[in-house]
Amino acid sequence: MVSKHLQTVPSINMSGCCVYGCTNRYSTGGLKFYRIPRGPRPFQSNRRRLWLQAIKRVDWNEDIIKNARVCSAHFISGEASLDSSSPDFVPSVFMYTKQSQNPNAKMDRYHRKRRRADTAANQRVTSETPEQECSMDPEQECSMDHCPAEEDIPVPKREYDDLNLRYSQLQEEYVNLRQEFDTLRAENVKLKEELQKSTFSYTTVKCNIGQLNFLTGLTSVVFEWLITKMMGSVERIHNKLTVEDHLLIILMKLRLGLCNTDLAYRFQVSKTTISNILRSWVPAMALVLKPLIKWPSKGAVLKNMPKIFKRNFRRCRCIIDCTEIS
């Protein structure tokens with residue numbers, strides 16, 4: 001663990017240090033101002049908790065904390081530290097507390113402890129012999145009992161600082177990329193919705209009752225009922241089109257007499273596909289829906305026949321309005 005200067009960020013709503021009784025402001029020369037630690041990791045959460053306890057602000061909410069700053073006058077060395085064993089890991093110099101001992105003595109003791117740890121680590125590395133190192137013999141792999149643990153190897157301060165800086169940069173890049181990703185995903189969803197609305201299909205037609213009735217002569221309720229009657233008796237000719245689209249093509253052909261080229265253009269398929277749908281669905285619909293056709297009796301026909309038909313067409317039983325399907 002090593003100390004590292006933290007990046008200071010100008011406050012938005014506060015004009016200086018948030019510590020009780022401190023009058024230092026940004027205009028005060030020779031001072032640095034630090035954010036209160038934040039982050040989801042246990043190390044960051046614990047450090048944040050210790051800072052808030054030290055400055056007696058445990059009751060603050062997130063909106064206040066994010067704009068609060070602590071000046072460097074509350075650290076013994078004048079700088080905050082990321083080393084949990086350092087006295088400056090948490091601000092400790094306050095006017096409302098009495099120091100139990102000389103603050104500089106704490107720092108001297110900390111530096112002596114660090115020097116001893118560094119010396120012991122260097123001796124541990126230099127005292128290792130080839131016999132103590134892991135054998136690289138392919139027949140005998142290195143085991144965890146003989147290999148030195150990775151966390152036991154000391155990391156130079158400069159390398160640590162470079163890695164920590166790189167980590168901060170990557171974290172910032174990740175946040176920016178995540179925001180860009182969310183923006184692009186929302187834009188993609190919006191474009192898909194607009195594309196779906198611009199495509200001619202039953203999904204877009206059923207939203208307009210008048211348009212559905214004009215194209216098919218049916219209401220949405222009757223249309224859905226007709227779909228349930230035809231299920232199992234017909235097949236999808238084109239995977240791009242839903243079963244509802246197949247039925248819509250049939251009904252538009254029968255009601256409006258549209259040519260296959262028109263229907264192919266509307267549904268963005270080939271004329272061959274339209275022709276195959278008609279050849280497959282019309283006979284199946286005729287077979288399934290035949291019981292719905294009720295022929296009135298001869299007496300009922302004569303009773304309701306127009307007078308002009310009674311004089312000239314007494315044997316007429318029905319008038320069939322046909323549509324030619326090419």
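What share of the contacts in the protein with a separation of 6 or more comes from residues 24 or more positions apart? In this predicted model, such residues account for 59% of those contacts. The protein has 326 residues, of which 27% count as buried. Its secondary structure consists of 12 helices and 2 strands, arranged along the sequence as β-α-α-β-α-α-α-α-α-α-α-α-α-α.

**Nonpolar cores**

- The largest nonpolar core holds 31 residues, and those touching the most other members are L247, L248, M252, F267 and W281.
- Two or more residues of this core come from each of α5 (202-205), α6 (209-216), α7 (220-230), α8 (243-256), α9 (260-267) and α10 (271-289).
- The greatest contribution to this core is that of α10, with 8 residues.
- A second core, separate from this one, comprises 21 residues, including F33, W60, F75 and V90.

**Surroundings of F267**

- F267 is one of the residues that touch the most other members of the largest nonpolar core.
- When neighbours within four places in sequence are left aside, the contacts of F267 are F200, S201, K240, L241, D245, L248, I249 and M252.
- Among these contacts are L248 and M252, which are also listed with F267 for touching the most other members of the core.

**Helix α7**

- The buried residues of α7 are F223, L226, I227 and M230.
- These residues lie on the same side of α7 because they cover an arc of only 105 degrees around the axis.
- The face turned away from the buried side of α7 carries V221 and T228, both exposed.
- The buried residues of α7 are covered by elements that include α5, α6, α8 and α10.
- G232, just after α7, adopts a positive phi of about 95 degrees.

**Second largest pocket**

- The volume of the second largest pocket is about 580 Å³.
- Its lining is made up of 20 residues, and L254, M285, A286, L289 and I293 are the ones that lie nearest the centre.
- By class, the lining of this pocket divides into 15 nonpolar, 2 polar and 3 charged residues.
- At least two lining residues of this pocket are supplied by each of α7, α8 and α10.
- The helices α7, α8 and α10 also appear among the elements that give two or more residues to the largest nonpolar core.

Technical notes. Residues numbered from 1 in each chain as written. Predicted model: local features only at pLDDT ≥ 70, side-chain atom pairs only at ≥ 80, totals over all residues. Heavy atoms only, no water. Core = buried A, V, L, I, M, F, W, Y, C linked by side-chain atoms within 4.5 Å. Buried < 20%, exposed > 50% of the residue type's maximum accessible area, 1.4 Å probe, protein only. Helix = DSSP H or I, 4+ residues; strand = E, 2+ residues; numbered from the N terminus. Contact = heavy atoms within 4.5 Å. 1 Å grid on protein atoms, 1.4 Å probe; cavity = no way out; pocket = protein on both sides within 12 Å on 5 of 7 lines; lining within 4 Å. Points joined across faces, edges and corners; volume = space filled by probe spheres on them. Nonpolar A, V, L, I, M, F, W, Y, C, P; charged D, E, K, R; others polar. Arc of directions from axis to C-beta.
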